[in-house]
Each structure stands twice: as structure tokens, then as C-alpha cells.
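Load the predicted model in your viewer and switch to cartoon. Keep the selection panel open and follow the stops in order.

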Amino acid sequence: MLLVLCVDLDDDIGRKTGVETPVVGRDAVEGAAVALATADPEDSDANVLFEGIHLHDELREESSESVEVAAVTGTEGSDVVANRAVGEEIDTVLAGLTTGEDIRAIVVTDGAQDESVVPVIRSRIDIDGVRRVVVRQAEDLESMYYTIKQVLNDPETRGTILVPLGILLLIYPLAVLADVMGMPGDALGVASGLLGLYLLSRGLGLGEWLDAAVERARTGLYAGRVTIVTYVVALTLLVIGAASGFEMLTAVREGPGMLGAGETVAAVIAGSIHWLAAAGITSSLGQVTDEYLAGAFRWRYLNAPFYILAIAGVVHAVSLYVLGRVDLSYLAMMLTAGTLLGLFSTLAFAIAESRIGGGEPRVST
């Protein structure tokens with residue numbers, strides 16, 4: 001006789017269903033399996049019972065020997081006590097099988113812990129094999145699978161994880177390519193530089209800012225906004241201003257004496273401020289033009305170019321004074337002129353807005 005022996009070492013069957021063990025016979029084991037699955041669908045011992053039933057039916061079709069299925073349990077707590085309880089229930093099962101045939105067992109368990117009782121079983125009956133039930137939808141494996149699947153499907157998470165990993169994996173092919181091109185020391189620098197730029201952009205949120213800027217530029221192009229052109233011109237003027245500032249710094253350094261931090265900053269500002277002012281005036285005029293075309297023009301918007309001009313004049317005078325190229329009277333004159341220019345533009349456009357109007361938004365009908 002072949003005995004399919006389902007082992008539940010911690011007695012989940014008895015504790016959760018109230019079924020008395022040992023359970024012998026296909027129908028009795030099936031009833032215990034259904035009861036356990038109903039009481040706790042996540043308990044793997046239910047799968048052990050169903051596997052025992054499946055194995056029993058399979059062996060009956062394939063073998064000419066008589067086949068029986070039984071379920072034995074231990075007790076919750078100490079493994080030693082549980083093993084002894086399993087041994088006693090096996091003795092009860094064997095005593096109930098009143099055949100004169102030799103009995104061999106196939107043990108069904110759900111893990112290594114339950115398999116610790118195998119020596120106890122072997123001391124009472126010959127064992128032909130041990131079947132361990134592995135649940136396909138195990139929580140950890142299923143969670144890992146769906147986590148990986150979600151990472152690969154989510155563009156945001158995919159970019160966060162896979163892009164740095166891809167850059168790291170490019171180090172070796174870049175090293176091979178650099179070696180072929182005679183630049184063996186540049187591969188690691190290029191790869192680390194790409195990784196650093198990517199991490200920096202992610203940390204500062206530059207990706208979102210760049211996407212928003214591109215979207216605004218595209219909208220501006222289709223809407224015919226003047227600011228698209230003026231911003232490009234302003235950016236060019238900023239680059240020219242930076243170069244002019246460093247040229248001024250180089251010229252000042254060629255003179256006698258050492259430059260302090262204040263003189264260095266003043267030299268860069270003195271050489272670049274007129275270009276920076278031109279960039280600011282250009283971009284502000286473009287913005288004012290777009291506001292006028294959109295019907296949202298206000299006279300006060302014209303203050304921006306005059307404010308930029310006044311601030312640039314004051315900053316230029318201060319930087320030249322720090323460099324010792326103008327005297328105090330020139331600085332005072334420029335400060336006064338900048339203040340008067342700002343006041344005059346503010347008052348002039350406030351009066352124009354109050355008397356002339358033209359500041360109400362256009363409402364399309």
C-alpha cells in the first residue's frame with residue numbers, strides 16, 4: 001500500500017478548523033482542506049492537503065497498488081513536542097490500516113520546517129519520497145514580480161532607476177572605445193560625468209523645469225509671441241556680457257597691485273553690466289509687446305526698461321568707483337540720476353494710466 005501522508009507540524013488544521021486529527025481517507029482529507037482554505041485562504045497547509053489529494057488520485061490511476069491519503073498534525077510550539085505528536089498520529093493511522101500489505105509513504109509538506117519530522121516518520125514506515133509544495137503566487141515572489149513590472153512600465157520610475165544603471169553599464173564599452181581611439185583615461189570620466197549630471201538634474205528638478213520651458217517655447221512659437229525672439233537675443237547678450245566681464249577682469253589684473261575680492265567682482269560687473277542691461281531691456285520690451293497684443297497692456301509695464309537702465313547706471317558707477325576709475329562726485333551724480341529716472345518713469349506712467357487709460361484688458365465677444 002502507498003500512503004500519501006500530509007504533514008502539518010504546527011497543527012493549523014486543528015487550531016483553525018476544529019477538525020480532529022489524524023484525518024484518513026480522501027473525502028475526509030478533502031473536507032479538512034476545504035475547511036482550512038475557508039478559514040484561512042493564505043495558509044499554505046491547505047495547499048499541502050490539496051496536493052495530497054491530487055497525488056492520491058494520480059497514483060490510483062497509475063499504480064496497481066492500493067493508495068490511501070492521510071493528514072497528520074503536530075502541535076504549535078516546540079519542534080520536539082510537535083514531532084512526538086506527529087509520531088503518535090502516524091501510529092494511529094497505521095493501526096487503522098488493517099491490511100496485511102507492506103505500507104510505504106510519500107510525505108507531502110510545505111517547507112523545510114515540516115520536513116524535520118521525516119526521521120520520525122522513517123522510524124515507523126518506509127518513505128518512497130518527499131513532495132514539497134511551492135505556491136506559485138507566493139507573496140514575496142509575486143510582489144517582486146509586479147514591482148519590477150511596474151518599474152518597467154512607469155516612465156518616471158524607469159528613468160530614475162534604469163538610466164543610472166544604463167550609464168554604469170556603459171563604462172566598459174566606453175573604456176573599450178576609448179582604448180581603440182587612444183584615450184584610455186577618458187572613459188571613466190565621461191561615464192561619471194554623465195551620471196553626475198543626471199543625478200544633479202534629478203535632484204534639482206531640472207528635468208521638470210526643462211520640460212516646462214520647452215512647452216512654453218512651443219506654445220509661444222505657435223502663438224506668435226515676441227518674447228521667444230527677445231529671450232534668445234537676451235540670452236546671447238548675457239553670454240557676450242559674461243565674456244566682456246572676464247575681459248575687463250583680465251585687463252585690470254594686468255595693472256599694478258593685487259586685486260581683492262571686491263575689486264575682482266567690480267571688474268567683472270564693470271565690463272558686463274551694459275550688456276546685461278541691454279539683455280534686460282530687450283526681454284522686457286518683448287514682454288510688454290506681448291502684453292499689448294494680448295490686450296492686457298498696462299502703462300506701468302513700461303517702467304521695467306527704465307528701472308533696468310537706472311539700476312545698471314548705478315551699479316556701473318559703483319563698480320568703477322571700487323576700481324578707482326571715477327571719483328566720489330561721479331558716483332553721487334549717477335546715484336541721483338538713477339533715483340530721478342526711476343521716480344520720473346513711475347510718476348509719468350502712473351499719470352498716463354490714470355488719464356489716458358488703455359489699461360483695461362480686452363474682452364472678446
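Select helix H2, residues 26-39. H2 lies across strands E2 and E3, and its axis runs at about 40 degrees to E3. Now add helix H3, residues 44-62. H3 lies across E1, E3, E4 and E5, at about 175 degrees to E1.

Next, the sheet. Show the strands alone: the sheet is open, has five strands and follows the order E2-E3-E1-E4-E5. Its pairing is mixed. Which strands are at the edges? E2 and E5 (126-132) are, each pairing on one side only.

Zoom in on E1. Look at its E3 side: E1 and E3 pair in the parallel sense over seven bridges. Here Leu-3 stands opposite Glu-68 of E3. Turn to E4, residues 104-109, which pairs with E1 in the parallel sense over five bridges. Pick Leu-2 and you find Arg-104 of E4 opposite. Pick Cys-6 and its bridge partner in E4 is Val-108.

Show the side chains of E1. Are they buried or exposed? Leu-2, Val-4, Cys-6 and Asp-8 point one way, Leu-3, Leu-5 and Val-7 the other way, and all are buried. That is seven of the seven residues in E1.

Last stop: helix H4, residues 79-96. Its 18 residues reach 26 Å from first C-alpha to last, close to the 26 Å expected. Color its buried residues, among them Ala-82, Asn-83, Glu-89, Ile-90 and Val-93. What covers them? The cover includes strands E1 (2-8), E2 (23-24) and E3 (67-73), along with helix H5 (118-122).

Methods:
Residues numbered from 1 in each chain as written. Predicted model: local features only at pLDDT ≥ 70, side-chain atom pairs only at ≥ 80, totals over all residues. Heavy atoms only, no water. Helix = DSSP H or I, 4+ residues; strand = E, 2+ residues; numbered from the N terminus. Expected span 1.5 Å × (residues − 1). Buried < 20%, exposed > 50% of the residue type's maximum accessible area, 1.4 Å probe, protein only. Contact = heavy atoms within 4.5 Å. Pairing = 2+ DSSP bridges. Axes fitted to C-alpha atoms, helices over the stretch in contact; angles between N-to-C directions.
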